[in-house]
Amino acid sequence: MLALLALTTAACGSDAVSAGGAATTVATPATTAVIDAPGDIVATALTSGVFTTLAGAVVTANLVETLRGPGPFTVFAPTDAAFAKLPAPVLSAVQDDKALLTTVLTYHVLAGSYTAETLPTGQVKTVAGAEITVTKSGTDVFINGNRIAKADVKTSNGMIHVMSDVLVPPIGDIIKVATTLPGFGTLAKLVTQADLVKTLQSAGPFTVFAPTDDAFKAVPSATLSAVAADNKLLTTVLTYHVVAGKLSTSDLKPGKLKTVAGVELTITKDADGNTLVNGKKIAVANVEATNGIIQVMGDVLIPPS
């Protein structure tokens, strides 16, 4: 298994995964690997060449034998590119905490084999015990607001649906998520200073466009100091990042969106289907919380006045 992992990691696969009957073809820059007949979920993921990070995580969490069992299972499998979207400190923190890693991985797994067509809509319990939200729009299927990139990759013990985003399970309320996952220290400090902690721990639900520490570092230090020194202004800036209601990226439609600050954000979509807030792309979409959802931003949103 480890040797196969090494071979897979060395391969430079594309994001194109073809599902089907007798043969599945995966293109790489150097060659074309052909799976003559679908193997189990683990073998299929390894052979594809686009799930090396996922495969390594499955090995670390000791889930290989489980996912090679009879199942059947349905796996929402994030590609290497999906994992690359996560801020490095967040990915490292998850990989270093075996219990959290196991929870995150099993949050991507359902008991039973479901095609995109047969996936039930609404709340569906995962093997982790937490629920995902399945919605459908035309031929598109969304998991927690994240579109399935490639559906119905058949295996001998279930089904793989290829995801362009990692699904993050709700590990607590919005404050708990922001203080548990690394990379939001500045935001957590400012929220505490503005006395907004209890508000963001309440039932909500809320949608928070949460800037990372790197986003705050990009703000001129004099500007950030001036905002932090004026509690009324700080509160306005922070609540400009908060919207009432739980809105995944599939719920965020182009147009104006009123914030808790009373000032509107502008939502747009680019040609690749990415969601932009005031022209800034959401860095990591649809991080679940028990009282809402977090959209991770690589930029601080500045109110117009």
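The legends below describe close-up views of strands and their pairing in a predicted model.

**View 1. Strand 9 and its burial.**
Strand 9 spans residues 158-163. Six of its six residues are buried, so the strand is mostly covered, with buried meaning under 20% relative accessible area.

**View 2. Strand 9 beside strand 3.**
Strand 3, made up of residues 73-78, pairs with strand 9 in the parallel sense. Six bridges connect the two strands. P78 has M163 in strand 9 as its bridge partner.

**View 3. Strand 9 beside strand 8.**
Strand 8 covers residues 146-155 and runs antiparallel to strand 9, with five bridges between them. Within this pairing, I160 of strand 9 lies opposite V153. The two strands are linked by a hairpin of two residues. In a regular strand, side chains point alternately to the two faces of the sheet.

**View 4. The open sheet of seven strands.**
The strands of this sheet follow the order 11-10-16-15-14-13-12, and their pairing is mixed. Strand 11 (242-244) and strand 12 (255-258) are at the edges; each has a single partner strand, so one side of each lacks a neighbour in the sheet. On average, neighbouring strands of this sheet are turned by 35° against each other, direction ignored.

**View 5. Strands 15 and 16 within the open sheet.**
Strand 15 (residues 280-289) and strand 16 (residues 292-297) run antiparallel and are joined by five bridges. I293 in strand 16 stands opposite E288. In the order of the open sheet, strand 16 is followed by strand 15.

How values were computed: Residues numbered from 1 in each chain as written. Predicted model: local features only at pLDDT ≥ 70, side-chain atom pairs only at ≥ 80, totals over all residues. Heavy atoms only, no water. Buried < 20%, exposed > 50% of the residue type's maximum accessible area, 1.4 Å probe, protein only. Helix = DSSP H or I, 4+ residues; strand = E, 2+ residues; numbered from the N terminus. Pairing = 2+ DSSP bridges. Axes fitted to C-alpha atoms, helices over the stretch in contact; angles between N-to-C directions.
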